[in-house]
Amino acid sequence: MATDGWLDETRSAYLYRVIAEAERGSPRAGLFEELAHEAEGQAAIWARNAGLASVPDYVPDLRTRIVAGLVRRYGARAIRGILAAMKVRGLSVYSHAVPGHPAPTSVEEVGKRHRGVGGGGNLRAAVFGVNDGLVSNMSLILGVAGASTHNEIILLSGIAGLLAGAFSMAAGEYVSVRSQREMYEHQIGLERAELAEYPGEEAEELALIYAARGMDKTEALALAQRTIADPKQALDTLAREELGLNPEELGSPWGAALFSFFSFASGALLPLLPFLLTRGDGALAASIALTAVALFAVGAMISLYTGRSAVRDGLRMLAIGGGAGAVTYVIGRLLGVSLA
């Protein structure tokens, strides 16, 4: 137990320093450096409790190296869920001001504080999109295989399942993002109209937000007035501070639709590959084996978000996908016999 505590705190300290490096130049860098120092102190306590004669050097495992790479690529804000699962604290700084932490003192810092990359969300969507394609098309293929031994029928059904599922996912994602974007654009349009109508009142409102985060009221008002003086920067800042929106990240409906289409299709294609390359019973066996490996890999990837064992999550996903495939195969078998 004590050695586990040492490992958790040492891993956290490592990730804090990675985040601090990614946040270099912002006030958050100092915060995460301090958190790293605190975590190292707690790790030393765990080491003493474990009776370790000397504290071993920490070597990050594969999961930690992957998460560190994601932080460097996308920033900590984009993968808060993964970091929280790995006991990284202080992440509320990305949604709320840290108590007692100095408020931004320039327009540039105001904008930078909210800037993020949507790639973390895309990564998560890709993992689950591939998983949906795998499970749904493998289940369809096994259901048809249970009813018919003709490879041509199985292949045609798999291709139809791939296209139907991918287009359905793409259409749903397009409508969702399009609706969300229209709502955001409407809210930003109202903010634009209010800014043109009474900029002084908007400056006072913005100053109240800064003051509520610990900034001196006089400085807050001065910063708000400087922000409002630049119409473009003013609208951008008001959208972020008052509406909680990032005008740069409203999302593209077509981009979301294509991303959803190809992530689902890539998963749905895997069970089909053996039928494209070979014939006979070997194609079905190869399809099952390939899908099993892919399901385990997807489950292991999901462990980045759950914080649990990659083997455990991989086996769980394999069991879920295997169960779905077995049920559809039995149903297909029964229907095939009854229709014969």
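**Figure 1. Helix α11 has the span its residue count predicts.** In this predicted model, α11 holds 17 residues, and at 1.5 Å a residue these should span 24 Å. The C-alpha atoms at its ends lie 24 Å apart, so expectation and model agree. The helix covers residues 253–269. Which residues of α11 are buried? They are P253, A256, A257, S260, F261, S263, F264, A265, G267 and A268. One of these, F261, appears again in Figure 3.

**Figure 2. Y174 and W254 form a tilted aromatic pair.** The whole structure has five aromatic pairs. In the pair of Y174 and W254, the ring centres are 5.0 Å apart. The angle between the planes is 55 degrees. This pair joins distant parts of the chain. Y174 sits in helix α7, W254 sits in helix α11, and 80 residues separate them. Is each partner buried or exposed? Y174 counts as partly exposed because its relative accessibility is 27%. W254 has 59% relative accessibility, so this residue counts as exposed.

**Figure 3. F167, F261 and F262 make up a ring cluster.** Ring pairs connect the three residues. F261 is among the buried residues of α11. F167 also belongs to the surface patch shown in the next view.

**Figure 4. A nonpolar patch lies on the surface.** Its members are I159, L163 and F167. Together they have about 270 Å² of accessible area. I159 is located in helix α7, which runs over residues 151–197. How exposed is I159? Its relative accessibility is 35%, so I159 counts as partly exposed. The label follows from the cut-offs: buried is under 20%, exposed is over 50%, and partly exposed is in between.

**Figure 5. Helix α3 has a buried side.** The helix consists of residues 62–74, 13 in number. From first C-alpha to last, α3 reaches 18 Å, close to the 18 Å expected at 1.5 Å a residue. Its buried residues are R63, T64, V67, A68, L70 and V71. Why do they share one side of α3? They cover an arc of only 160 degrees around the axis, and this places them on the same side. What does the face turned away from the buried side carry? Exposed residues L62 and R73 are found there. Just past the helix comes G75, with a positive phi of about 90 degrees.

**Figure 6. R11 and D8 form a salt bridge within helix α1.** Side chains of opposite charge can pair when their charged atoms come close. The whole structure contains six salt bridges. In the one between R11 and D8, the closest N and O atoms are 3.2 Å apart. How far apart are these residues along the helix? They are three residues apart in α1 (residues 2–22), so about one helical turn separates them. R11 counts as buried because its relative accessibility is 13%.

**Figure 7. R17, E33 and E40 are linked in a salt-bridge network.** R17 takes part in two of the contacts described here, one with E33 and one with E40. Between E33 and R17, the closest N and O atoms are 2.6 Å apart. That pair connects distant parts of the chain: E33 lies in helix α2 (residues 27–49), R17 lies in helix α1, and they are 16 residues apart. Between R17 and E40, the N to O distance is 2.9 Å. Here too the partners come from α1 and α2, so the pair ties together parts 23 residues apart in sequence. Are the members of the network buried, exposed or partly exposed? R17 is partly exposed, because its relative accessibility is 31%. E33 has a relative accessible area of 36%, so this residue is partly exposed. E40 counts as partly exposed because its value is 37%.

**Figure 8. The chain is built from helices, with zero strands.** This view sets the close-ups in context. How many helices does the chain have? The count is 14. From the N terminus on, the elements run α-α-α-α-α-α-α-α-α-α-α-α-α-α. The chain has 340 residues, and 40% of them count as buried.

Note on methods
Residues numbered from 1 in each chain as written. Predicted model: local features only at pLDDT ≥ 70, side-chain atom pairs only at ≥ 80, totals over all residues. Heavy atoms only, no water. Patch = residues over 30% accessible without salt bridge, like charges linked within 9 Å, V, L, I, M, F, W, Y side chains within 5 Å. Areas by Shrake-Rupley, 256 points an atom, 1.4 Å probe, with all protein chains shown as cover. Salt bridge = Lys/Arg side-chain N within 4 Å of Asp/Glu carboxyl O. Helix = DSSP H or I, 4+ residues; strand = E, 2+ residues; numbered from the N terminus. Buried < 20%, exposed > 50% of the residue type's maximum accessible area, 1.4 Å probe, protein only. Phe/Tyr/Trp six-rings, centres within 6.5 Å; stacked < 30°, edge-to-face > 60°. Expected span 1.5 Å × (residues − 1). Arc of directions from axis to C-beta.
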